[in-house]
Amino acid sequence: MREPLRVLIADDELLARKRLSRLLAALPDVSVCGEAVDGDSVLAAVRAGGVDVVLLDIHMPGLSGLDAMALLPEGGPHVIFCTAHAEHAVNAFEHGAVDYVLKPVEAARLQKALERARARVPARVKAPAATAPTVVAEKPALTRLPIPTRQGLVLVSPDAISHASLEDELVTVFTAQGDYLTDFTLNELADKLPPEHFHRVHRRALLNLSHVTRLEPLETGGYLARTARGHSVEVSRQSARELRRMLGLRKGAEDEG
């Protein structure tokens, strides 16, 4: 028996939250784990844990839905946008949204979006009482990343990749052998590459810390990461906090509060 998909509803309009809650209640293997009225409360709920999927509005007080999504932790919940504004769909998918559902949300459309999200959520199966722990086989380490190019597949060692960045709707992978445009999204690359080295440091960048030679502080509270090949990669303020914790560095003033 599979565990219910834990869904957080995020919308500043009460009627919209009630509609989504009613639709979710009628779906099998789905549970509402909470509600949020703005981007900050979304992030707080995600930090508390127990969220698989966020049904996220675009326009909310303070942080927009896109802003909130960019600040979700690496490996955090999947996002389905539920909004009346169709014009943000391309941007949403660029940043890794599972689906983009237009209001008024219909039951069949919502169920389809949730099934897409469920396919990306690791299965959580209820274990029978008093049984030995289930051993989950780890995904084998990726030894070569296949990057499709016009000349064929280029096979790149993950160790040779310094970073990947999103520019003008295209992702470029930067390696010791050269730079390659790819159809992979940053989320897909993050799933394929070893997490102990690669970190989503910005909504438009994935960085291999083993290639970083210097971190230059920015007025925003983030960093400008310099790689051994002389490239610059912006690190967001939120990701800079995580880096400081990982590297055992003293907290900056922006980490307080």
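Arg237 is found in helix H7, which spans residues 237–247. In this predicted model, Arg237 is partly exposed, with a relative accessible area of 40%. That value does not exceed the 50% required for an exposed residue. Leu218 lies 19 residues away from Arg237 along the chain. The C-alpha atoms of the two residues are separated by 8.9 Å.

Met246 also belongs to helix H7. Its relative accessibility is 45%, so Met246 counts as partly exposed. Met246 contributes to a nonpolar surface patch, together with Leu247 and Leu249. The patch covers about 280 Å². Membership of such a patch requires over 30% relative accessible area, a condition that Met246 meets at 45%.

The chain as a whole has seven helices and 15 strands. It comprises 257 residues, of which 40% are buried. Its exposed surface amounts to about 14400 Å². Carbon and sulfur atoms supply 54% of that surface. Among contacts with a separation of 6 or more, 51% join residues 24 or more positions apart.

Helix H2 covers residues 39–48. Its buried residues are Gly39, Val42, Leu43 and Val46. Seen down the axis of H2, these residues fall within an arc of 95°, so they line one face of the helix. On the other side of H2, Asp40 and Ala48 are exposed. Which elements cover the buried residues of H2? The cover includes three strands, S1 (5–10), S2 (30–36) and S3 (53–56). Helix H3 (65–70) is also part of the cover.

Both ends of H2 can be described. Asp38 caps the N-terminal end. A side-chain oxygen of Asp38 lies 3.4 Å from the backbone nitrogen of Asp40. Asp40 is thus met twice, as the partner of this cap and as an exposed residue of the helix. Gly49 follows H2. The phi angle of Gly49 is positive, near 90°.

Positive phi values also occur at residues other than glycine, including Asp29 and Asp168. Asp29 has a phi near 55°. It is found in the loop between helix H1 (14–25) and S2. Strand S2 in turn is one of the elements that cover the buried residues of H2. At 28% relative accessibility, Asp29 counts as partly exposed. For Asp168, phi is near 50°. Asp168 lies in the loop between strand S8 (161–167) and strand S9 (170–175). With a relative accessible area of 68%, Asp168 is exposed. The cut-off for that class is over 50%.

One further backbone feature concerns a proline. The peptide bond from Lys103 to Pro104 is cis. Its omega angle is near 0°. Pro104 is placed in the loop between strand S5 (99–102) and helix H5 (107–118).

Technical notes
Residues numbered from 1 in each chain as written. Predicted model: local features only at pLDDT ≥ 70, side-chain atom pairs only at ≥ 80, totals over all residues. Heavy atoms only, no water. Helix = DSSP H or I, 4+ residues; strand = E, 2+ residues; numbered from the N terminus. Buried < 20%, exposed > 50% of the residue type's maximum accessible area, 1.4 Å probe, protein only. Contact = heavy atoms within 4.5 Å. Areas by Shrake-Rupley, 256 points an atom, 1.4 Å probe, with all protein chains shown as cover. Arc of directions from axis to C-beta. Polar contact = N/O pair within 3.5 Å; in protein donor to acceptor, adjacent residues only side chain to side chain. Patch = residues over 30% accessible without salt bridge, like charges linked within 9 Å, V, L, I, M, F, W, Y side chains within 5 Å. Salt bridge = Lys/Arg side-chain N within 4 Å of Asp/Glu carboxyl O.
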